[in-house]
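I opened the notebook to go through pockets, surface and charged pairs in turn, and to write down each term as I came to use it.

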Amino acid sequence: MSRVYVFDHPLIQHKLTFIRDKNTGTKEFRELVDEVATLMAYEITRDMPLQETEIETPVTTCKSKVLAGKKIGLIPILRAGLGMVDGVLNLIPAAKVGHIGLYRDPETLKPVEYYAKLPTDIEERELIVIDPMLATGGSASVAITALKKRGAKNMKLMCLIAAPEGIKVVQEDHPDVDIFVAAVDEQLNDHGYIVPGLGDAGDRLYGTK
């Protein structure tokens, strides 16, 4: 069973309050999401491997640590996932970025893939799949399945807010994918929105309705 990590860092929780607030405008909303994504990236990379190297300081030579060269890939689910990518790239600028686009079939209401552009060496990378809202879990599960079919072996899911229903779906469909969130909310409403949530992340990021 995949694990769920809820980041209770005071800065993340503080900024998340303003992200939730309906009176927060598009510009500030976008900046806050970017900042929280950076803070979450700090936590999500905690287990990245290190290796020792020797450097020369202004005083003497010493052994110190650098990242062990593990390749990272960021895979935002379009379009809302794009709002968190730059925040992660602030800390991991060498990461490759792929994209997966999904739409909801109006008859079945199931997510359907319409676009995928991914790093060619996806099977060698540790992937962070990014979607601000883990609501029903359908989109995240389909995106992870699509990545596995293309050879991905090592993935984490990164979201701002999750509903228990969405967590359950991802854990059942992908027990090998850990979930990293800033908050787990109460439930979904009849329209599939997270309660209390923050509304539609894509619309609030890009000023659309």
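Before looking at any side chain I fixed the burial terms: buried means under 20% relative accessible area, exposed over 50%, and partly exposed in between, with a 1.4 Å probe and protein chains only. I am working from a predicted model, in which local features need pLDDT of at least 70 and side-chain atom pairs count only at pLDDT 80 or more, whereas totals for chains, interfaces and linings use all residues. Residues are numbered from 1 along each chain as its sequence is written, and side-chain values use heavy atoms, with hydrogens and water left out.

**Salt bridges**

I looked up the salt bridges (a side-chain nitrogen of Lys or Arg within 4 Å of a carboxyl oxygen of Asp or Glu) and found that the structure holds 15 of them. One of them joins Glu126 to Lys156, at 3.2 Å from N to O. Glu126 lies in strand S8 and Lys156 in strand S10, so this pair ties together parts that are 30 residues apart in sequence; strands here are DSSP runs of E with at least two residues, helices are runs of H or I with at least four, and both are numbered from the N terminus. I checked both partners for burial: Glu126 counts as buried at 7% relative accessibility, and Lys156 is buried as well, at 8%.

I then noted that salt bridges with shared partners join Lys71, Asp121, Glu124 and Arg125 into one network. Within it, Glu124 and Lys71 form a salt bridge whose closest N and O atoms are 3.2 Å apart. Glu124 sits in the loop between strand S7 (111-117) and strand S8 (126-130), and Lys71 in the loop between strand S3 (61-67) and S4, so the pair ties together parts 53 residues apart in sequence. Lys71 is partly exposed, with a relative accessible area of 34%.

For a pair at the surface I looked at Lys63 and Glu54, whose closest N and O atoms are 3.4 Å apart in a salt bridge; both residues are exposed.

**Pockets**

Next I took the pockets, for which I wrote down the rule in full: on a 1 Å grid over the protein atoms alone, a pocket is an open set of points with protein on both sides within 12 Å along at least five of seven lines, and lining residues have an atom within 4 Å of a point.

The largest pocket has a volume of about 680 Å³, a volume being the space filled by probe spheres set on the points, which are joined across faces, edges and corners. Its lining has 27 residues, and Arg104, Asp131, Met133, Ser139 and Asp200 lie nearest its centre. Among the elements that give two or more residues to this lining are strand S4 (72-78) and helix H4 (138-149).

The second largest pocket has about 310 Å³ of space. It is lined by 18 residues, and Lys156, from the buried pair above, is one of those nearest its centre, together with Tyr5, Asp47, Asp178 and Phe180. S10 gives the most to this lining, with 3 residues.

I also sorted the linings by type, counting Ala, Val, Leu, Ile, Met, Phe, Trp, Tyr, Cys and Pro as nonpolar, Asp, Glu, Lys and Arg as charged, and the others, Gly among them, as polar. The lining of the largest pocket divides into 14 nonpolar, 9 polar and 4 charged residues, while that of the second largest divides into 7 nonpolar, 1 polar and 10 charged.

Definitions and conventions:
1 Å grid on protein atoms, 1.4 Å probe; cavity = no way out; pocket = protein on both sides within 12 Å on 5 of 7 lines; lining within 4 Å.
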